[in-house]
Amino acid sequence: MYVCVCKGVREGDIRSLANTEAGLRMRDLRERLGVCSECGKCGRRALVMLRDCAGETNDPMEIEMQVC
Ligand code: FES
């Protein structure tokens, strides 16, 4: 399933990157995959996935403050 339609980034792309490198942040996803670099609609989904891969909880208020 696509997370970022603008850049053609799929869930597997984000999970693969997150599983090979610890401590990734949204800016890393933006720089390497282009996530959230155009319309920004993918930001929330990408951040939830990133935090999920890191084993972090997804508090909706925290997500809202950190998206793009
Ligand atoms: S859907 Fe990711 S930048 Fe538009």
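## The N-terminal strand

Apart from neighbours within four places in sequence, Tyr-2 contacts Gly-8, Val-9 and Arg-10. The model described here is a predicted one. Tyr-2 belongs to strand E1, which covers residues 2-4. Tyr-2 has 13 other C-beta atoms within 10 Å, so this residue counts as partly exposed; a residue would need 20 or more to be buried, and 12 or fewer to be exposed.

Tyr-2 can also be placed relative to a residue far along the chain. Asp-59 is 57 residues from Tyr-2 in sequence, and their C-alpha atoms are 23 Å apart in space.

## Overall form

The protein contains four helices and two strands. Their order along the sequence is β-β-α-α-α-α, with the two strands ahead of the four helices.

The radius of gyration of the protein is 11 Å, which agrees with the value near 11 Å for a compact globule of 68 residues. Along the principal axes, the C-alpha atoms fill a box of roughly 25 × 25 × 20 Å. Buried residues make up 19% of the 68 in the protein. Among contacts with a separation of 6 or more, 49% involve residues 24 or more positions apart.

## Helix H3 and its buried face

Helix H3 spans residues 43-53, and its buried residues are Gly-43, Ala-46, Leu-47 and Leu-50. These buried residues line one face of the helix, because they fall within an arc of 95° when seen down the axis of H3.

After H3 comes Gly-55, which has a positive phi, near 75°.

## The packing of H1 on H3

Helix H1, made of residues 11-20, packs against H3 at an angle of about 40°, and the two axes are 10 Å apart. The crossing of H1 and H3 is right-handed. On the H1 side, the contact involves Glu-11, Ile-14, Arg-15, Ala-18 and Asn-19. On the H3 side, the contact is made by Ala-46, Met-49, Leu-50 and Cys-53. Sorted by class, the residues in this contact are six nonpolar, one polar and two charged.

Ala-46 and Leu-50 appear in both descriptions of H3: they are among its buried residues, and they take part in the contact with H1.

## The loop between H2 and H3

Helix H2 consists of residues 26-33, and the loop between H2 and H3 holds Lys-41. Cys-36 is in this loop too. Cys-36 is buried, because 25 C-beta neighbours lie inside 10 Å, where 20 or more are needed. Its backbone is notable for phi: Cys-36 has a positive value near 65° although the residue is not glycine. Most residues other than glycine have a negative phi.

Lys-41 has 14 other C-beta atoms within 10 Å and is therefore partly exposed. Between Lys-41 and Val-5 there are 8.9 Å in space, C-alpha to C-alpha, although they are 36 residues apart in sequence.

## The last helix

Helix H4 runs over residues 60-66 and includes Glu-62. Glu-62 has 13 C-beta neighbours inside 10 Å, so it counts as partly exposed. Glu-62 and Glu-38 are 24 residues apart along the chain, and their C-alpha atoms are separated by 22 Å.

Definitions and conventions: Residues numbered from 1 in each chain as written. Predicted model: local features only at pLDDT ≥ 70, side-chain atom pairs only at ≥ 80, totals over all residues. Rg over C-alpha atoms; globule rule 2.2 N^0.38 Å. Contact = placed C-beta atoms within 7 Å. Arc of directions from axis to C-beta. Axes fitted to C-alpha atoms, helices over the stretch in contact; angles between N-to-C directions. Left-handed = near helix turned anticlockwise from the far one by under 90°. Nonpolar A, V, L, I, M, F, W, Y, C, P; charged D, E, K, R; others polar.
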